[in-house]
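Biologist: I have a model open on my screen and would like to learn how to read it. Could you take me through it, feature by feature?

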Amino acid sequence: MLRLLHELKEEVDHLKELTQETQVTLLEAMLDGSKVGTIVTDPSQQDNPIIYTNRTFIEMTGYTQQEVIGKNCRFLQGPETDKEDIEKMRKAIAAEEAITLTLRNYRKDGSPFWNRLAIEPVQIEDKLYFIGTQTDITLERSQQQAIMANEDEIEKLMLPILSIQENVATVALVGTMNLQRFETLKVKICEYVQEHRIEHAIIDITGLSWNEKSPLYWFQQIYEALRIMGSNLYVTGISPAAAQQFADDLDRNSQLITFSTIERALSFITQKTTGENHFS
Ligand SMILES: Cc1cc2nc3c(=O)[nH]c(=O)nc-3n(C[C@H](O)[C@H](O)[C@H](O)COP(=O)(O)O)c2cc1C
């Protein structure tokens, strides 16, 4: 918004050669043609009322000029306006500081919109004013939310974690693994293990292609994280030849156990748990 004001000021400097009346008319036309709502308030008057609005603000909110001039801008607020944001604005205005935030506001007909609002104090000939610029970003926000929901969905498809037995979860990785996907896997699998009290987690990499040199080195990190949480990790879907190469990559002391198939891992887990029960 500051940039907008600076641009306007530059334009005003060019306009100075024109008569004052022409200057005002041109400036108003510029503000009215802008996509951004603009208002000016006068803090020297009771309750810091609006003394100017451009046409965009009027179109954006649905109020008439007469209805808003002389009023404090809080008439745009409603049930879903964040109380903390109102408090932040109150404090910034009292301290004569600039503030930018995105608020839930309401038009005259009651319909809500997301208002990207910037408030700036301006000193003109020793008198303080506030300039507020408002942009309706409802559309951008709903598009952003749709993208985020989509990304969540894609993430779930890329990391389908399933509980296949009590205490046992598997995740079958397909596609290409990269560092970012691996980091997401690490977080998701730890969350899942904690939430579902999983004791044995199996990562199957049969359908995975790998760009990096040492995938098992990465899985070692998940192994360590799960070990701290009291759970075990097994990696399946490894061919004997690959297992040999991975063995070379891994730390000699690594306890990470690999199997060729999920079934083999499961029978190992079953033996291990019945063995443990037998001992106890
Ligand atoms: C220049 C200016 C523009 C403002 N624009 C808005 C706005 O678009 N939407 C809004 O909810 N509040 C806006 N406000 C904030 C309210 O007018 C008011 O300052 C805020 O609600 C905190 O004060 P209160 O706790 O007394 O209500 C604006 C304030 C100023 C000074």
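Modeller: We will go through the sheet, the ligand shell and two helices in turn. This is a predicted model, so a caution comes with it: local features need pLDDT of at least 70, side-chain atom pairs count only at pLDDT 80 or more, and totals for chains, interfaces and linings use all residues. Residues are numbered from 1 along each chain as its sequence is written.

Biologist: In what order do the strands of the sheet run?

Modeller: Strands (E, at least two residues) and helices (H or I, at least four residues) are DSSP runs, numbered from the N terminus. Two strands pair if DSSP finds at least two bridges between them. Here five strands make an open sheet, ordered β2-β1-β5-β4-β3, with antiparallel pairing. β2 (50-53) and β3 are the edge strands with a single partner each, so one side of each has no neighbour in the sheet. From one strand to the next the twist averages 30°, with axes taken as lines fitted to C-alpha atoms and angles running from 0 to 180 degrees between N-to-C directions.

Biologist: How many bridges join β1 and β5?

Modeller: Five, in the antiparallel sense. Threonine 41, for one, has phenylalanine 130 in β5 as its bridge partner.

Biologist: Which residues come nearest to the ligand?

Modeller: A residue counts as near if its C-beta atom, placed from the backbone, lies within 6 Å of the molecule. Of the 21 residues around the ligand, Cys73, Arg74, Arg90, Phe130 and Gly132 come nearest. At least two shell residues come from each of β1 (37-41), α5 (83-94), β3 (99-106), β4 (112-124) and β5 (127-136).

Biologist: Is α5 buried or in the open?

Modeller: A residue is buried if 20 or more other C-beta atoms lie within 10 Å of its own, exposed if 12 or fewer, and partly exposed in between, with C-beta atoms placed from the backbone. Of the 12 residues of α5, zero are buried, so α5 lies largely in the open. Just after α5, glutamate 96 takes a positive phi of about 55°.

Biologist: And which residues of α7 are buried?

Modeller: Leu185, Ile189 and Val193. They cover an arc of only 50° around the axis, which puts them on the same side of α7; the arc is that of the directions from the helix axis to the C-beta atoms. On the other side of α7, Gln180, Glu183, Val187, Glu191 and Glu195 are exposed.
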